[in-house]
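Please work through the exercises below with the sequence and the 3D structure open beside you. Each task is followed by a solution that goes step by step.

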Amino acid sequence: MSEAETICAQFEEACADFQVPATRAAAEQILSSFRQIPKVLPVCKFILDNAQSPMARFQVALAIGEVSMRDYTLYPQTDLIQLKNYMIEYCLKNTDLMKYVREQLLCDAALITKRTLFDISDTDRESIYVSLEQLFGMEDHGSIIGVALASALVDQFSTTRSSTVGLSWEFHHKAKVFFETHILHGIFEKSVTRLHTLITQIQQQQTSIATPPPLLTELITLIEKILQWQFESTNNGAVLPGTFAKKAEDDDFDKEDGPGAVKKTYTIFPKHWHSLVANTDVIWLFFTTYSLIQTDDVLGHRCRQCLVQMAGFNEEFFDHDINRAKQYATTFIHGTAQMMGELGKLGNDPEAYSENGPHLLGTIQIARRICENLSLATLWTIPEFYKFMDDFGEITVVCLRSTATRDIDEGWISEASDECLETWVRLAEVAQPSDGRGNDPKAGLSENEVQELVLYIKNGCTGIVTTFIESKLLQSQQTVLDDEEDEDISSGFKDWDTFADQLSYIGTLGRLDPARSLLNIHQLMDGRFQLLKQYFTMSGMVNEDNHLYHLQEHLHWLILISAHVLADPGAGEQPMIPDSLMHLSGSQTLEDDQVTNLSKLILEIFRFLSSFGANTIEASNCSPQVAETLIWYMERWSKTYVLLDENEYGYMSPNIARAFGRPGPSDGLGLEIIDFFIDQIKANFVLWSADPDVLVQIIRWLHSCGISTNLKTGLLQSSKFPDLVQFVTANLSQLPENVHNSLIQTIATISSGANDAQVRDQYLGLIYGMIEKRLASVLHHPEFVQNFQRVDMMNDVMNALEMFDGLALACQYNNTQSIFTFCSRFFESMHQLMNMYKSVPEVQLLLLQFFADLAGRLDFGLLEPNQKQLLFQIVVEILKSYGASNRGKKRIHTQEEEADRPYPDIATALSLLTNIMASEFEDFNRTENATPTAPGNADVADVVLFGVNVIIPMIDLEMLKIPSLCQQYIRLISNLIEFFPDKLAALPQDLFNNLMASLEFGVGHDIADVNVLALQAVAPLALWAHNQMLANSNVDFLKPALRKFLEQLIKLLLFENLDSSVVDGAAEALLSLICAEREEYYAVVNQIISQQANEIQPRLLHAFEKLDATTPRELRGVLPPSRNVTGFKEALFVFLVDVRAVLRIK
């Protein structure tokens, strides 16, 4: 037996063992050793010829790919090209080859094609496409191999699917551009032509496709890949050279995975592709193909994805040639109409729609892409457009109704509903006033055409809103049944969050024809309310067939929908009353005003359901969900309507101004609404005192009032507000403890807005008295000292601390002095509690949280120096106690990482120090000539350094794997070093080493924000050291760390994955480090250049010399230094573009 035969026998045996778990590890070792045999490719070829098992063929194919790339320079180029041709011939001859073996062999052939691309002649490069063309032209098996080889080539030349072969980014990029420019278009053209021939043959046979022919599968797979190609010529994203794209995820489609299996990736095609991808015959070919294969889940999905890609072109793609755009749109409308016709055959059966979910969603996505990308001026001219939209409207209606059906998987239906509604919202833009920004959807349409189109869309959208409401009322009845079966199961999510997108869409669509939408909602809501009132006034109050629960569920949904039609959320800004509602209101009499009448109806429902005593039978039948929804509605609605500023509107409805406005010229009744709110808030606090969800919603509403200027002013003007403060402070103990913190914060914040200082102090005094009473009741308890660790005692302590924290969170410029003076009276007690409860982390956490929030919210510019010292001293004492009781504490990392807030005590301590640090720069009274800190007193740097010294020993690398904690920690260290470098020399060696190690960790982190934070500290640190050296001061203690940073940063910039957002920070740090450690910099650069291949050394040397020419010999001044050095940042970017292209390897 020859040596090759012996190796072949051993290889086959190892492959057999590889498939047995017990012998797999040993077999892997043999297979790995095989790849290390010198000049092994001829042996691979021998095994391929003689091996019988598919696994042996597959493993040797894997070996060929790895070895041919690794040992590329050891083999003559002609041998590798012969090997490539041999593998293609092998696939052609062996028609029974397993698909996975064939794919690996063709992948190897594609790899060799790419690797030899720039080492062969122009003629040989041209022959790549010619060879493919010949294979495509073969019959049966030959064309399958041709298409599969083209697919492998597309993978290897692409950005996201190429193999790791040890070549530079520049090589990969050039290869991709060559392939994209010279081969890809031809492959696509040949694939489409071959598909056309194949589909024609199948149609002529007039038989249904039970199993798609292998050639059809390969063609659709290849075409889908090409249509998802990321073109370099249309890539506008600023990607730094040397940045490799993430590997593409496995694109296997499984219907059972739901709509998440459908990936949305849209390609921007170059203009010269127009004649193919936007060709009406090509588009129709895909619709025809889809009609034949749609029952095959995977192939049907791929074909749909091709259609979705091609459906995304706008007029600009057609050079604004309206006729071409119209032909394109017409073809898609005809094809999509066919797909919708298939859905129409399913009738209104939700189960059938769900079963055909991928087809449903794909159809809707194609329709949406057409409606979103082409102008209405183009679509309008197509005779079939209205019929197309009618069909789309019917599908929308069926989807919405299907969401209310029990026992079907909602995934596909719900996603399809969202896509439908989003499409209608996009079309509805034509009915909105033009604001001059962006593209005008009315452009190109005459006034009559706009009116006709708006009327059509209004009618369609009103029907959709009606259907949505009906479906939600039907679904709510289903919810009642489900709740009976699953009484103890609650998702914890609110409907306004779960259905946020759909409700937002319905709100927009409902305003298109507000008269009809509001009439429908008003009638439904008033009908339910009348029935509800009847129920509550009946003697006996029997809940037959859960009728009451159905009514309450209906009201819940009607209130939710009303909120979204009447008002926008207005996050972070003053929400405005929508124009269509304002004009509707202004066109009606006060008695008939639909906007004010619906608003008043919901206010009346709120009043009615808040009017029962807490212990009455009526109260027991009230729904906490309806109460919570009503209060959520009041928060949203009141921000928009109550005490609105008429000057902010171009047109103001006199009815709205009168019903809800200010007492000024319109005699608005807004202040009466505020009084009404206060009464209902008090009533609901009592009625729902045992329901935290409702209480939390009330507090959110109050908080919203506190940050809305109109509502806050109204509350403080109300004669009933003092009663509310009195009520809260007197009854807080009756409410669940988990709402005390936020309620105190909210009431104190609103109270602090009072213009009269005496009134403000009176309100705050009530709050202070309540908190002091609570703490005193614990600390002065006769058994406290002996029984402080009793559970009830600890709970009382924690409740008192929660109340203090709520007060701290209410700190602002107009109450800083008052709140600090009150809180500081209890600092000593808090220190004692920290020591008493040294083994109770919950109490320690609350104390840390209180001081973190106090330091974060106080306006330090308004504190006296002695007050700041008092705060700094207590913070040091608290941290000292915390450190003493937690140093060396064992932490179970797995439990911490699964918690909602991992390592909360560490995070809070870091937050405390960060806030103390920020106080140094937020104190606007501080000047450069401020009085220096008196001897024995602490300054900000001392406090932070002390705290860091306490916390650093508790932090390990496992903790820093938590992104939020890592960013918090690095930000603190970064700020400390950036602003107080002069303090470093006096630090204990261990602390100094830990600080430097932390920065090193941050510079090398894989989160860009952490990199930037660390570099923001390295830059001023190096600049400070450089300036100290210029002044002949000794900074030897810092030099080892600076050298480490320099080496680490250069390697990061040249060899690591680099986010472009890091470059600015890196430029500042590098410039400072070069100035501080120039000799070390030259040594590192020379070492890097000498380690590279000879052919690129001159290029690197030239690039470094150009960068050096822009680098100053010295830098004097403050950060950021690079902004004071003309051209360095720009020069660094040019340098990185040049050198990373050849140094970054994949």
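The exercises go from the whole chain to helix pairs, a single helix and single residues.

The model is predicted, so that local features need pLDDT of at least 70 and side-chain atom pairs count only at pLDDT 80 or more, while totals for chains, interfaces and linings use all residues. Residues are numbered from 1 along each chain as its sequence is written, and side-chain values use heavy atoms, with hydrogens and water left out.

**Exercise 1. Describe the protein as a whole: how many helices and strands does it have, and what share of its residues counts as buried?**

Begin with the secondary structure, taken as DSSP runs numbered from the N terminus (H or I of at least four residues for helices, E of at least two for strands): the protein has 53 helices and zero strands. Next, the C-alpha trace spans about 100 × 85 × 60 Å along its principal axes. Of the 1146 residues, 55% count as buried, where buried means under 20% relative accessible area, exposed over 50% and partly exposed in between, with a 1.4 Å probe and protein chains only. Finally, take contacts (heavy atoms within 4.5 Å): among those between residues at least 6 apart in sequence, 77% join residues at least 24 apart.

**Exercise 2. Determine how H27 and H29 pack, and which residues make the contact.**

Two packed helices are described by the angle between their axes and the distance between the axes. Axes here are lines fitted to C-alpha atoms over the stretch in contact, and angles run from 0 to 180 degrees between N-to-C directions. Helix H27 (residues 594-609) and helix H29 (residues 624-641) have axes 11 Å apart, at an angle of about 140°. That angle makes H27 oblique to H29, since angles under 35 degrees count as roughly parallel, over 145 as roughly antiparallel, 65 to 115 as roughly perpendicular and the rest as oblique. On the H27 side the contact residues include Ile-602, Phe-606 and Leu-609, and on the H29 side they include Leu-630, Met-634 and Trp-637.

**Exercise 3. Classify the packing of H41 and H42: roughly parallel or roughly antiparallel?**

The axes of helix H41 (residues 841-857) and helix H42 (residues 865-886) come within 11 Å and cross at roughly 150°. The two helices are therefore roughly antiparallel to each other. The contact is made by Gln-844, Leu-848, Phe-851 and Leu-854 of H41, together with residues of H42, among them Leu-871, Ile-874, Ile-878 and Tyr-882.

**Exercise 4. Compare the expected span of H36 with the distance between its ends, and find what covers its buried residues.**

The expected span is 1.5 Å times one less than the number of residues. For the 23 residues of helix H36 (residues 757-779) this gives 33 Å, which agrees with the 32 Å between its end C-alpha atoms. Its buried residues include Arg-760, Tyr-763, Leu-764 and Ile-767, and what covers the buried residues includes helices H33, H34, H35, H37, H38 and H39.

**Exercise 5. Place Leu-846 and Asn-731: is each buried or partly exposed?**

Leu-846 lies in helix H41 and, at 15% relative accessibility, counts as buried. Leaving aside neighbours within four places in sequence, Leu-846 is in contact with Met-798, Leu-801 and Glu-802; the C-alpha atoms of Leu-846 and Met-798, 48 residues apart along the chain, are separated by 7.0 Å. Asn-731, in helix H34, has 28% relative accessibility and therefore counts as partly exposed. Asn-731 and Arg-368 are 363 residues apart in sequence and 55 Å apart in space, C-alpha to C-alpha.
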